[in-house]
Amino acid sequence: MSVPENIKKARLKHGFSVASVAKQLGISSYKLRMYEIGKIRTPLDTLDTLSLIYGVDAYDFYSGELNYEYPPLPLRKQYSKETYDSILEFMHIVREYMRM
């Protein structure tokens with residue numbers, strides 16, 4: 001599977017809507033759909049954030065096999081922007097530590 005297909009596959013596995021994931025990324029739903037069909041190349045920092053949202057390693061999007069080894073990131077609507085950003089930053093730190 002290609003990167004765009006894997007992005008969509010991961011979103012559908014968790015039952016997330018395009019709108020909810022796009023909101024977490026701070027982009028339009030249209031732009032996320034373009035990532036999912038391969039019309040726009042997904043930036044690496046966006047792939048990294050998507051990996052946190054879906055509970056996969058960012059490299060899995062390229063490998064074709066999504067290993068859901070991490071818990072998915074909760075939807076932003078449950079938290080304030082500051083809290084959500086703190087959770088996101090903490091998850092980045094933990095993932096980097098685990099790779100060491």
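Which residue follows H3, and what is the sign of its phi? In this predicted model, the residue after H3 is Gly38, and its phi is positive, near 85°. A comparable description applies to the end of H4, which is followed by Gly55, a residue whose phi is positive, near 75°.

The secondary structure of the protein consists of six helices and zero strands, so that from the N terminus on the order of elements reads α-α-α-α-α-α. Of the 100 residues in the protein, 39% are buried. Among the contacts with a separation of 6 or more, 51% are made between residues 24 or more positions apart. The protein exposes about 6,000 Å², of which 57% is supplied by carbon and sulfur atoms.

The largest nonpolar core comprises 18 residues, and those with the most contacts inside it are Ile7, Val21, Leu32, Leu50, Ile53, Tyr54 and Phe61. At least two residues of this core are supplied by each of helix H1 (3-14), helix H2 (18-25), helix H3 (29-37) and helix H4 (44-54). The surroundings of Val21 illustrate the packing: when residues up to four places away in sequence are not counted, Val21 touches Arg11, Phe16, Leu32, Leu50, Ile53 and Tyr54.

Two of the contributing helices can be described residue by residue. In H3, the buried residues are Leu32, Met34, Tyr35 and Glu36, and the cover over these buried residues includes H1, H2 and H4. H4 is mostly covered, with eight of its eleven residues buried, namely Thr46, Leu47, Thr49, Leu50, Ser51, Leu52, Ile53 and Tyr54. Leu50, Ile53 and Tyr54 are thus listed among the buried residues of H4 and also among the residues with the most contacts inside the largest nonpolar core.

Individual positions in H1 and H4 show opposite degrees of exposure. Asn6 lies in helix H1 and counts as buried because its relative accessibility is 0%, which falls under the 20% limit. Not counting residues up to four places away in sequence, Asn6 touches Met1, Asp60, Phe61, Gly64 and Leu66; of these, Phe61 is also one of the residues with the most contacts inside the largest nonpolar core. Asp45, by contrast, has its place in helix H4 and is classed as exposed because its relative accessible area of 55% is over the 50% limit. The C-alpha atom of Asp45 is separated by 9.6 Å from that of Ala58, a residue 13 residues apart from Asp45 along the chain.

The largest pocket holds about 160 Å³ of space. Its lining is formed by Val3, Pro4, Tyr35, Gly38, Ile40, Arg41, Thr42, Leu44, Leu47 and Tyr62, and the elements that give two or more residues to this lining are H1 and H4. By class, the lining contains seven nonpolar, two polar and one charged residues. Several residues already described recur here: Tyr35 and Leu47 both line the pocket, while Tyr35 is also among the buried residues of H3 and Leu47 among those of H4. Gly38, the residue with positive phi that follows H3, is likewise part of the lining of the largest pocket.

Definitions and conventions:
Residues numbered from 1 in each chain as written. Predicted model: local features only at pLDDT ≥ 70, side-chain atom pairs only at ≥ 80, totals over all residues. Heavy atoms only, no water. Core = buried A, V, L, I, M, F, W, Y, C linked by side-chain atoms within 4.5 Å. Buried < 20%, exposed > 50% of the residue type's maximum accessible area, 1.4 Å probe, protein only. Helix = DSSP H or I, 4+ residues; strand = E, 2+ residues; numbered from the N terminus. Contact = heavy atoms within 4.5 Å. 1 Å grid on protein atoms, 1.4 Å probe; cavity = no way out; pocket = protein on both sides within 12 Å on 5 of 7 lines; lining within 4 Å. Points joined across faces, edges and corners; volume = space filled by probe spheres on them. Nonpolar A, V, L, I, M, F, W, Y, C, P; charged D, E, K, R; others polar. Areas by Shrake-Rupley, 256 points an atom, 1.4 Å probe, with all protein chains shown as cover.
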